[in-house]
Amino acid sequence: MLMDFEQVPMQLILHGGNARGLAYEALDKAEEYNFEEADKLLQEANDEFLKGHKYQTQLIREQDKNMTPNFLTIHAQDHLMTAQAELQLIKRLVSNLKKQFELEKRINKLEN
């Protein structure tokens with residue numbers, strides 16, 4: 001299947017943006033100690049990232065070796081990889097919030 005090199009950057013931006021948005025929603029939920037919803041949103045964010053990554057892999061495999069990437073393609077790849085970095089950081093923040101919540105519960109038990 002030949003690839004539409006004009007649409008692929010838009011797919012990278014779309015899925016990268018979706019992944020970032022969902023990751024930040026997950027962080028908001030974790031800050032409310034709603035970890036079930038946070039975990040669900042993180043999974044959705046990861047799924048969005050993986051969709052974008054498939055397009056990125058396809059782009060790398062199918063591009064002509066003599067082709068110079070255009071600005072939009074470079075920007076789109078940067079957008080997707082930034083989303084990946086933010087997603088990984090937010091996963092760690094959520095994990096720390098879970099630990100904080102458990103510690104707060106233990107402290108509250110000791111105080112009562």
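## Helix 3 and what packs against it

Helix 3 buries Thr73, Ala76, His79, Leu80, Ala83, Glu86, Leu87, Ile90, Val94 and Leu97, where buried means under 20% relative accessible area, exposed means over 50%, and partly exposed is in between (1.4 Å probe, protein chains only). An α-helix has 3.6 residues a turn, so residues three or four places apart point the same way. Helices here are DSSP runs (H or I, at least four residues), numbered from the N terminus.

Before going on, a word on the model: it is predicted, with local features needing pLDDT of at least 70 and side-chain atom pairs counted only at pLDDT 80 or more, while totals for chains, interfaces and linings use all residues. Residues are numbered from 1 along each chain as its sequence is written, and side-chain values use heavy atoms, with hydrogens and water left out. As for pLDDT, the predictor's confidence in each residue from 0 to 100, the protein averages 92, and 94% of the residues score at least 70. Among the elements, helix 1 has the highest mean pLDDT (97) and helix 2 the lowest (94).

Back to helix 3 itself. It runs over residues 71-111, which makes 41 residues, and spans 59 Å from first C-alpha to last, close to the 60 Å expected; that expected span is 1.5 Å times one less than the number of residues. At the N-terminal end, Asn70 acts as the cap, with a side-chain oxygen 3.1 Å from the backbone nitrogen of Leu72. A polar contact like this is a pair of N or O atoms within 3.5 Å; within protein, one must be able to donate a hydrogen and the other to accept it, and residues adjacent in sequence count only if both atoms are side-chain atoms.

So what covers the buried residues of helix 3? The cover includes helix 1 (8-31) and helix 2 (35-62). Take Thr73, which is buried at 5% relative accessible area: leaving aside neighbours within four places in sequence, Thr73 is in contact (heavy atoms within 4.5 Å) with Pro9 and Leu59. Farther along, Val94 touches Ala26, Leu27, Ala30, Phe35, Asp39 and Leu42, not counting residues up to four places away.

Val94 also turns up in the largest nonpolar core, which has 22 residues; Leu12, Ala30, Leu42, Leu87, Ile90 and Val94 have the most contacts inside it. Helix 1, helix 2 and helix 3 each give two or more residues to this core, and helix 1 gives the most, with 8. Such a core is a set of buried Ala, Val, Leu, Ile, Met, Phe, Trp, Tyr and Cys residues joined through side-chain atoms within 4.5 Å.

Now the rings. Those of Phe, Tyr and Trp (its six-membered ring) pair if their centres lie within 6.5 Å; planes under 30 degrees apart count as stacked, over 60 as edge-to-face and the rest as tilted. The count comes to 3 aromatic pairs. Tyr33 and Phe101 have ring centres 4.7 Å apart and planes at 50°, so this pair is tilted. Tyr33 sits in the loop between helix 1 and helix 2 and Phe101 in helix 3, so the pair ties together parts 68 residues apart in sequence. Ring pairs link Tyr33, Phe35 and Phe101 into a cluster.

Some accessibilities away from the buried set:

| Residue | Relative accessibility | Class |
|---|---|---|
| Tyr33 | 27% | partly exposed |
| Phe101 | 23% | partly exposed |
| Gln88 | 38% | partly exposed |
| Leu89 | 51% | exposed |

Finally, two C-alpha distances: Leu89 and Phe101, 12 residues apart in sequence, are 18 Å apart in space, while Gln88 and Asn46, 42 residues apart along the chain, are separated by 9.3 Å.
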